[in-house]
Amino acid sequence: MEKREERMPGIGLALGAGGARGFAHIGVLEVLEEHGVVPAYLAGSSMGSLVAALYASGLTTGMMEKLALNLKRKHWIDLCVPGMGFVTGEKLRQVVKLLTRERRIEEMARPLAIVATDLGTGERVIFTKGPAYEAVRASVSIPGIFVPYRLDGRLLVDGAVVDRVPIEVVRDMGADLTIGVDVALAPSDAPVKSLFDVIFQSVDIMEREIFRHRTVYADIMVRPDVGRFSSTAFTNIEEIVEEGRQATRKMIPHIHDKIAEWRKDR
């Protein structure tokens, strides 16, 4: 008798903020794929939105890692006279536009949501349609570093200000099981050397406290050990990606257990 193929739950993956430490998301995605746990839904805040958008647009994890290793600051950082930020973000917007081939969020290979924050109202803004590069540009606008992004009459900043790991968002998209990836849970061990470090560290502390008091939990949380790396240096990329791999490998048995439990309840 032919064995009936077991149904897979719709896996929702929420990728969190964390600056350069967010490259760990690439390693997470790679190991999930290796074990047949391919996300059906993706949501991201800040750096997580960038990785989620590139993955949803069809870039492989190998391609993303090569890009991370070879893209230099000059390719995506455009400094300006300080006003509402030090970085205009236009270079980054153009890079994301190129890499996603100008695709709209609703045209992606799998459902995608990108989270930003309305600076005027403090509301969470969830993008599920429109140009992906516009949404990512808004989501990565770290207060004090990037100039806030004006879009549709709103002044938008980093999605992590209100929702660092958008677990609730990916669940609302229809996910049966949710996996959250938090690259900023523990305090950073990296030395504070610049004004950028001061701002990043301050925002990170605020976001961590907000997340700690939220009542939304993922079915599985993956927490790469990246506290020793700077959020701003964009060095040690290979090691950061590897930490994502290692953290995910440790969670694979737990993920399979959750999938088995879900199947039993069907």
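In this predicted model, the buried residues of helix α2 are Met47, Gly48, Ser49, Leu50, Val51, Ala52, Ala53, Leu54, Tyr55 and Ala56. The helix, which spans residues 47-56, is thus described as mostly covered, with ten of its ten residues buried. After α2 comes Gly58, a residue with a positive phi near 115 degrees.

**Strand β3 and its partners**

Strand β3 covers residues 112-118 and is likewise mostly covered, seven of its seven residues being buried. Both of its faces are covered. On one side lie Leu112, Ile114, Ala116 and Asp118, and on the other lie Ala113, Val115 and Thr117; all of these residues are buried.

The table lists the strands that pair with β3.

| Strand paired with β3 | Residues | Sense | Bridges |
|---|---|---|---|
| β2 | residues 41-45 | parallel | four bridges |
| β4 | residues 124-127 | antiparallel | four bridges |
| β6 | residues 154-158 | antiparallel | three bridges |

Individual residues can be followed across these pairings. Ala43 has Ala113 of β3 as its bridge partner, and Ala113 is one of the buried residues of that strand. Thr117 has Arg124 in β4 as its bridge partner, and Thr117 also stands opposite Val157 in β6. Thr117 itself is buried, on the side of β3 that also holds Ala113 and Val115.

The connection between β3 and β4 is a hairpin, with five residues between the two strands. Within the turn, Gly122 has a positive phi of about 80 degrees.

**Packing of helices α3 and α9**

Two packed helices are described by the angle between their axes and the distance between the axes. Helix α3, residues 61-70, packs against helix α9, residues 237-264, at an angle of about 150 degrees. Their axes are 9 Å apart. Because angles over 145 degrees count as roughly antiparallel, α3 is roughly antiparallel to α9.

Which residues of α3 meet α9? They are Glu65, Ala68 and Leu69, and on the α9 side the contact involves Ile237, Glu238, Val241 and Arg245. By character, the residues of this contact divide into four nonpolar, no polar and three charged.

**Summary**

Helix α2 and strand β3 are each mostly covered, with ten of ten residues buried in the helix and seven of seven in the strand. Strand β3 runs parallel to β2, whereas its pairings with β4 and with β6 are antiparallel. Helices α3 and α9 pack with their axes 9 Å apart.

Key:
Residues numbered from 1 in each chain as written. Predicted model: local features only at pLDDT ≥ 70, side-chain atom pairs only at ≥ 80, totals over all residues. Heavy atoms only, no water. Axes fitted to C-alpha atoms, helices over the stretch in contact; angles between N-to-C directions. Parallel < 35°, antiparallel > 145°, perpendicular 65-115°, else oblique. Contact = heavy atoms within 4.5 Å. Nonpolar A, V, L, I, M, F, W, Y, C, P; charged D, E, K, R; others polar. Buried < 20%, exposed > 50% of the residue type's maximum accessible area, 1.4 Å probe, protein only. Pairing = 2+ DSSP bridges.
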